[in-house]
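Got your viewer open and your selection box ready? Here is a short walk with a handful of stops.

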Amino acid sequence: MVTTYLVTGGAGFIGSALVRHLVLTRDADVVTVDKLTYAGSLAALASVAGHPRHRFVVADVADGPGVFALLAETQPDVIFHLAAESHVDRSITRPADFIHTNLVGTATLLQAVLSYWESLEAGRAQRFRLVHASTDEVFGSLGPVGAFTEASPYRPSSPYSASKAGADHLVRAWHRTWGLPALLLHASNCYGPFQHPEKLIPTVITRALAGLPIPVYGTGENIRDWLHVDDQVQALVRAAEGGRPGESYLVGARNERRNIDLVREICGVLDHLHPDPAGPYARLAHFVGDRPGHDFRYAVDPSRAERELGWRASVLWSAGLRATVEWYLANATWVGEMLASSADDVTGQPPWDDISN
C-alpha cells in the first residue's frame with residue numbers, strides 16, 4: 001500500500017526539505033500545503049514540481065472546512081505539521097500574526113484532523129500519525145551549563161516561542177482528550193539551503209558579500225545549538241515511523257556556538273571561497289543593542305531520540321557550514337527575490353536585525 005504524506009508549511013525552509021526528501025527517496029504520494037506567505041518559496045520545490053506523486057495546494061491551516069475537505073480528498077496516512085510563523089523579531093513587532101497561524105491555525109488543523117481520523121477504518125486509524133514540529137525555544141533560556149530534555153519546563157520568552165508553546169499544548173490536549181495519535185519533535189536551530197535570508201547564517205553571508213555591517217546582538221555571547229536541515233528531516237521521518245503518540249522528542253547535534261564565534265566562522269569560510277579585496281569579512285561585524293527578552297543559551301540533549309528513534313545527527317558541522325555558504329554564493333538571485341518579497345511594509349527595508357535565531 002502506498003503511503004500518503006501531507007506536509008503543512010511545505011514551501012518553507014524545513015518543510016520544503018522534507019517534501020523533497022519524501023518525493024525523491026520514497027515510493028509515496030506527497031501533498032504539500034502552504035499559504036505562500038513571504039517565507040514560502042516555490043523555487044524550493046522546483047525539483048519536485050512536475051513529479052507525478054507530488055501535489056501542491058495553496059491553503060491556510062486556519063481554514064477549517066478547507067483543510068477537512070483536503071484531508072477527505074487526499075486521505076493522508078501521515079501529516080507533518082510545519083506551518084508556522086517562525087521569525088522572533090517579527091513576533092515582537094507583529095505578534096498577532098503568530099497567534100493567528102501558530103495557535104489558531106494549529107487548533108483549527110487539529111480539529112479538522114480529528115474529524116478526518118475518526119472517519120478512518122480501524123486499521124488505517126491505528127497507523128495514522130500527526131507529527132508536530134516544535135522548537136527548543138519553548139523551554140526558554142539556559143544558563144552556562146546543562147541541556148534541555150523532554151522533561152524541561154516550558155518558559156517561553158518571545159511571542160514566537162510562546163505561540164509555539166501554546167501549539168504544543170494544543171497537540172497534547174487533542175491526544176489526551178480524544179486519543180489523536182500525535183507526537184512532537186523539538187529541534188534546535190536549523191541551517192542549510194533555502195533558509196530565508198532574514199535568519200542568522202544567510203544574513204551574515206548576504207551582508208558580508210554586500211559589504212554591509214553585520215549586526216551582532218548585545219555582546220555576541222548568546223549560544224545556539226546548530227542542526228543541519230537534512231538531519232532534522234531525518235528526525236521527522238523517524239518520528240513518524242517509530243515515535244510514540246503523545247510523546248515528544250528533542251533533536252540537536254550537540255553543536256553549540258556563540259553568535260560572535262559563528263559570525264567569525266562564516267566570515268572565515270567566505271574569506272576562503274570568495275575573498276574580498278577590502279580585507280577579511282569579519283571586519284564588518286559590529287555589536288548592536290540587544291533584542292528584548294533575548295534568551296542566553298539553548299542546548300539540546302537528543303539522547304531519547306537517539307535511543308528510541310534510532311536517529312543521530314550525521315552532517316558534520318564544518319562540511320555542512322561550507323556547503324551552506326557555497327549554496328548561498330551560487331543562489332544570489334533567489335536570495336534577492338526573497339528579500340524583495342519580505343521587505344517591511346512600513347520601512348520598505350528587509351528585516352536584517354535578527355542574527356540570533
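Is Ser41 buried or exposed? Select Ser41 and switch on the surface: this is a predicted model, and in it Ser41 is buried, because its relative accessible area is 6%, under the 20% cut-off for buried. Ser41 sits in the loop between E2 and E3. Now show what surrounds it: setting aside neighbours within four places in sequence, Ser41 is in contact with Ala11, Trp334 and Met338.

Step along to Leu42. Leu42 also belongs to the loop between strand E2 (28-34) and strand E3 (54-58). Its relative accessible area is 49%, so Leu42 counts as partly exposed. Add Leu36 and Val58 to the selection, and you have a nonpolar surface patch: Leu36, Leu42 and Val58 together offer about 260 Å² of accessible area.

**Next, a pair of helices**

Hide the loop and pick helix H2 (residues 64-74) along with helix H4 (residues 95-118). Two packed helices are described by the angle between their axes and the distance between the axes. Here the axes come within 9 Å and cross at roughly 35°, and H2 passes H4 in a right-handed crossing. To see the contact, show side chains: H2 brings Gly64, Val67, Phe68, Leu71 and Ala72, while H4 brings Thr108, Leu109, Ala112, Val113, Ser115 and Tyr116.

**On to helix H8**

Jump to Ala235, in helix H8 (residues 229-242). What is the relative accessible area of Ala235? The value is 0%, so Ala235 is buried. Draw a distance from its C-alpha to that of Trp311: the two residues are 76 apart in sequence, yet 6.2 Å apart in space. Trp311 is also one of the contacts of Ala235, together with Leu185 and Val251, leaving out neighbours within four places in sequence.

**Last stop: helix H9**

Select Cys267, which lies in helix H9 (residues 259-273). Which residues does Cys267 touch, not counting those up to four places away in sequence? Light up Val204, Ile214, Tyr281 and Ala282 for the full set. Cys267 is buried, because its relative accessible area is 0%. One more distance to draw: from Cys267 to Leu209, C-alpha to C-alpha, you should get 9.6 Å, with their positions 58 residues apart in sequence.

If you want a single view to save, try Ser41 and Leu42 together: Ser41 is buried, whereas Leu42 is partly exposed.

Technical notes:
Residues are numbered from 1 along each chain as its sequence is written. This is a predicted model: local features need pLDDT of at least 70, side-chain atom pairs count only at pLDDT 80 or more; totals for chains, interfaces and linings use all residues. Side-chain values use heavy atoms; hydrogens and water are left out. Patches are made of residues with over 30% relative accessible area and no salt bridge: like charges are joined within 9 Å, nonpolar side chains (Val, Leu, Ile, Met, Phe, Trp, Tyr) within 5 Å. Accessible areas come from the Shrake-Rupley method with a 1.4 Å probe; for residues, only the protein chains shown count as cover. A salt bridge is a side-chain nitrogen of Lys or Arg within 4 Å of a carboxyl oxygen of Asp or Glu. Helices (H or I, at least four residues) and strands (E, at least two) are DSSP runs, numbered from the N terminus. Buried means under 20% relative accessible area, exposed over 50%, partly exposed in between (1.4 Å probe, protein chains only). Axes are lines fitted to C-alpha atoms, for helices over the stretch in contact, and angles run from 0 to 180 degrees between N-to-C directions. A crossing is left-handed if the near helix is turned anticlockwise from the far one by less than a right angle, and right-handed if clockwise. Contact means heavy atoms within 4.5 Å.
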